[in-house]
Amino acid sequence: MRLLNAVFYEWLDNSCFNIPFKDSVIVIALNHYLGKVIEKAPAEELFDNPIHPYTKALFSAIPNPDPDVKMNRIILSGDIPSPADPPKGCRFHTRCPYAKEICKEVTPEYKDYGNGHCAACHLLD
């Protein structure tokens, strides 16, 4: 774990990533974001309040053991970006149900939204 932390600290040069990773959950969508971290927060904060559309979709896929509970699953559609030719702007915009024009042109910056909860999404601005 220490080696993993060291690799992430070296790889991520952003003030949002200054809290220890052992106390956080990091959502990394390698197949959609080519290794880009899209949201990071202390574990309880992230599970209680996901703010990135991809994180919300991932969490909606977690099965509930109670068969009587209706799931509000978010089904993503659209094209999965190619690692050989990633899209311009936000790499998730081809699948995001809320994408705006800015998402297609400008890569979102990681911002701290409080409580150590950081994300990269134009919809949060």
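**Exercise 1.** State what share of the residues in the protein chain is buried.

*Solution.* The model is predicted; local features need pLDDT of at least 70, side-chain atom pairs count only at pLDDT 80 or more, and totals for chains, interfaces and linings use all residues. Residues are numbered from 1 along each chain as its sequence is written, and side-chain values use heavy atoms, without hydrogens and water.
- Buried means under 20% relative accessible area, exposed over 50%, and partly exposed in between (1.4 Å probe, protein chains only).
- Of the 125 residues in the protein chain, 35% are buried.

**Exercise 2.** Give the order of helices and strands along the protein chain.

*Solution.*
- Helices (H or I, at least four residues) and strands (E, at least two) are DSSP runs, numbered from the N terminus.
- The protein chain has 5 helices and 4 strands.
- Along the sequence their pattern is α-β-α-β-α-α-α-β-β.

**Exercise 3.** Locate Arg95 and describe its surroundings.

*Solution.*
- Arg95 sits in the loop between α4 (53-60) and α5 (101-105).
- Arg95 is buried but has no salt bridge, that is, a side-chain nitrogen of Lys or Arg within 4 Å of a carboxyl oxygen of Asp or Glu.
- Asp79, the nearest side chain of opposite charge, is 7.7 Å away from Arg95; Lys and Arg count as positive, Asp and Glu as negative, while His and the chain ends are not counted.
- The Arg95 side chain does reach the backbone oxygen of Leu76, at 3.3 Å.

**Exercise 4.** Describe the backbone and setting of Asn115.

*Solution.*
- Asn115 belongs to the loop between β3 (111-112) and β4 (118-119).
- Although Asn115 is not a glycine, its phi is positive, about 60 degrees.
- Asn115 is exposed, with a relative accessible area of 63%.

Definitions and conventions: Polar contact = N/O pair within 3.5 Å; in protein donor to acceptor, adjacent residues only side chain to side chain.
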